[in-house]
Amino acid sequence: MASSSSKPTHILYVGAGAVGCFYASRCHHPSANIHVSLICRSNYNAIAQSGVRLETRAFGNYTFHPHAVYPSISAAADDPNAPADGWDYVVVTTKALPDITDDAQQIAPLIKSDKTCIVLIQNGVGVEEAHRARFPRNPIVSAVTVISAEQIRPGVIRQNRWTRISLGGYSTPDKSKSSSDDGSSSLASRSDACARHLAQIMKHHGGIRDAEAHSETDLQLIRWHKLCINGAMNPSSVLCGGRGNADMVRDPELRAHLRACMEEIFHAVPKIFPGRSLDTVGASPDRILTSTERNVGAKPSMLLDWEAGRPLELEVILGNPIRIARRHGVEMPRLQTLFAIKRRQNYV
Ligand SMILES: NC(=O)c1ccc[n+]([C@@H]2O[C@H](COP(=O)([O-])OP(=O)(O)OC[C@H]3O[C@@H](n4cnc5c(N)ncnc54)[C@H](OP(=O)(O)O)[C@@H]3O)[C@@H](O)[C@H]2O)c1
């Protein structure tokens, strides 16, 4: 985990889609000895040949030429020119689909030592647990992004708006059960240090002004606050046949439904994080609904996936939150209904 120009920092992104290519391109600074490589899949040929073309609202248009481009995880794991003591950061920017893919198992060949930090830039909650179980001694950074970006052609990424990324260490699924003599406190401090280091790379080298490091609990609260948008809007938009966010909030019945979904999450959070509430983390349900009125034409990512026949991130956006809340003695019946109706989508 180096940042000085004397010792290189090697970062490997797994998933060269919209989010991965955008943040990878902002982290890559060979002159500061920060080298970013990409694992691609369907867009490998385009990126290996020409790099990634970025059309951004925040930073203009530019081409990102990664340090190395790989067609698969195994190609990266087997590369004799890869950093001898492993990558400093392996950043997962695939869609989070634990019902279909075990991301932790997939990236295992890339984690060659306990020093490699695993970074998860994915939506939903509970995405860290499988990685913590498989890699009990590696630092983990959990990251939430507020961005609108898409891959418009293979290797061409358009960032439409926003850049915000919030990062925080992740030590255990339940901090209240950790004790200072089981190594979890040093794991927590190593994970926090990695979160601060990555935020500093993104902010000072990448120019992302709203890249910020947070405490472990604060980061989890940011994840739960983002669920108010994703958990309410994404499945509802699919279930009502493909309506965009602004269209939904202008419909009085749907607006009441969306507000009630968000209020369930606001109500559950103090039971899951005693002494904490979402009131201090971000906008209230009413403010979210009002600001969504202006977001005309925007479609939630789940709707885009549904329209394209791709699997939906239902488990991390609905299943995990419902199960975590239930473990803490609270039901979220509206979200549970959305989940119950939609959950078989990924298997048909
Ligand atoms: N896009 C946004 O505006 C946005 C905003 C906030 C949060 N997010 C979240 O950020 C995460 C990433 O979203 P995204 O929009 O960037 O998704 P995306 O554009 O679909 O990118 C995911 C990429 O991962 C690749 N991939 C999947 N499995 C792989 C594997 N085993 N090996 C190599 N590559 C693999 C996919 O390759 P293929 O093309 O071959 O499938 C695709 O290029 C999601 O959790 C999403 O909800 C997205």
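A polar contact, as I use the term today, is a pair of N or O atoms within 3.5 Å. With that cut-off in mind, I turn to the ligand in this predicted model.

Arginine 41 brings a polar side-chain atom to 3.0 Å from an oxygen atom of the ligand. That distance lies within 3.5 Å, so the pair counts as a polar contact. Two further residues approach the ligand through their backbones. For valine 19, a backbone N or O atom lies 2.9 Å from a ligand oxygen atom. For alanine 149, a polar backbone atom is likewise 2.9 Å from an oxygen atom of the ligand. The surroundings as a whole comprise 22 residues, and the closest are Val19, Ser42, Asn123, Ala149 and Glu313.

I move next to strand β7, residues 117-121. Is this strand enclosed or open? All 5 of its 5 residues are buried, so the rest of the structure largely encloses β7. Its side chains divide between two directions: Cys117, Val119 and Ile121 point one way, while Ile118 and Leu120 point the other way. As a general matter, side chains in a regular strand alternate between the two faces of the sheet.

β7 has a partner in strand β6, residues 89-92, with which it pairs in the parallel sense over 4 bridges. Within that pairing, tyrosine 89 stands opposite cysteine 117 of β7. Strand β8, residues 140-153, also runs parallel to β7 and is joined to it by 4 bridges. Here leucine 120 stands opposite serine 142 in β8.

My last element is helix α12, residues 314-327. What span should its 14 residues have? At 1.5 Å a residue, the expected figure is 20 Å, and the end C-alpha atoms are 19 Å apart, which agrees. The helix nevertheless carries a kink of about 30° at asparagine 320, shortly before proline 321.

How many residues of α12 are buried? The number is 11 of the 14, so this helix is largely enclosed by the rest of the structure. Among the buried residues are Leu314, Glu315 and Val316, and also Asn320 and Pro321 from the region of the kink. The buried residues of α12 pack against four helices: α7 (216-239), α9 (252-272), α11 (301-307) and α13 (333-342). After α12 comes glycine 329, whose phi is positive, near 80°.

To close, I return to the two elements: β7 is largely enclosed, and α12 is also largely enclosed by the rest of the structure.

Note on methods. Residues numbered from 1 in each chain as written. Predicted model: local features only at pLDDT ≥ 70, side-chain atom pairs only at ≥ 80, totals over all residues. Heavy atoms only, no water. Expected span 1.5 Å × (residues − 1). Bend = angle between axes of the 7 residues up to and from the residue. Buried < 20%, exposed > 50% of the residue type's maximum accessible area, 1.4 Å probe, protein only. Contact = heavy atoms within 4.5 Å. Pairing = 2+ DSSP bridges. Near = heavy atom within 4 Å. Polar contact = N/O pair within 3.5 Å; in protein donor to acceptor, adjacent residues only side chain to side chain.
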